[in-house]
Amino acid sequence: MVALFVLLASAIAWSAWRYYRAQREAIEHEVQNQLLSIADLKVAEISDWAARRMDEVGLLMADSATARVMQRLASGTPGQPEGSEVRTWLEEVRRRLHLASATFVDDRGNTILSVGRLFGDAEHIRQTAAEVLRTNRVV
């Protein structure tokens with residue numbers, strides 16, 4: 001009788017352990033799927049946000065008045081007050097569009113004007129400028 005009780009208790013304990021493991025794996029799998037879904041959503045949101053910011057910057061740069069001022073700045077002909085105004089304008093654009101930095105470079109990738117926190121060195125800036133010229137879009 002005791003042997004039957006031990007056998008029955010062992011079977012119940014083994015069944016309970018298997019049920020526990022199966023439930024734990026199912027919950028872990030569900031949590032992992034939820035976290036992956038959230039991560040995918042956040043990646044999509046960040047990509048959409050970045051695309052909108054680049055579109056807004058592209059619109060600013062397509063403006064003919066902005067283009068003329070930037071052309072004068074690149075050619076080295078603006079006066080001191082105009083250069084200061086451009087710096088103030090670029091800083092305001094950077095702030096309103098929630099960008100970490102905004103850098104204006106010449107066609108060789110040399111920095112003419114930069115506001116905000118820079119990422120990368122001069123070579124990185126030149127490579128980015130070359131990409132902008134190659135793709136004809138803001139990056």
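User: What makes Ile27, Val31, Leu35 and Ile38 a nonpolar patch on the surface?

Analyst: Patches are made of residues with over 30% relative accessible area and no salt bridge, where like charges are joined within 9 Å and nonpolar side chains (Val, Leu, Ile, Met, Phe, Trp, Tyr) within 5 Å. Ile27, Val31, Leu35 and Ile38 form such a patch, with about 370 Å² of accessible area together. Accessible areas come from the Shrake-Rupley method with a 1.4 Å probe, and for residues only the protein chains shown count as cover. Keep in mind that this is a predicted model, where local features need pLDDT of at least 70 and side-chain atom pairs count only at pLDDT 80 or more, while totals for chains, interfaces and linings use all residues. Residues are numbered from 1 along each chain as its sequence is written, and side-chain values use heavy atoms, leaving out hydrogens and water.

User: Why is Ile27 called exposed?

Analyst: Buried means under 20% relative accessible area, exposed over 50%, and partly exposed in between (1.4 Å probe, protein chains only). Ile27 has a relative accessible area of 53%, so Ile27 is exposed. You can find Ile27 in helix α1.

User: What makes the contact between Glu45 and Lys42 a salt bridge?

Analyst: A salt bridge is a side-chain nitrogen of Lys or Arg within 4 Å of a carboxyl oxygen of Asp or Glu. For Glu45 and Lys42, the N to O distance is 3.2 Å, so the pair fits the rule. The two are three residues apart in helix α1 (residues 2-62), separated by about one helical turn. Helices (H or I, at least four residues) and strands (E, at least two) are DSSP runs, numbered from the N terminus.

User: And why do Glu45 and Lys42 count as partly exposed?

Analyst: Glu45 has a relative accessible area of 39%, and Lys42 has 43%. Both are therefore partly exposed.

User: How do you know that Arg52 forms a salt bridge with Asp48?

Analyst: Their closest N and O atoms are 2.4 Å apart, so the salt-bridge rule is met. Arg52 and Asp48 both lie in helix α1, four residues apart, about one turn of the helix. Arg52, at 38% relative accessibility, is partly exposed, and so is Asp48 at 40%.

User: What makes Arg95 and Glu92 a salt bridge?

Analyst: Their side chains meet at 2.5 Å, N to O, so they qualify too. In helix α3 (residues 80-96), they sit three residues apart, about one helical turn. Salt bridges that share partners join Glu92, Arg95 and Arg96 into one network.
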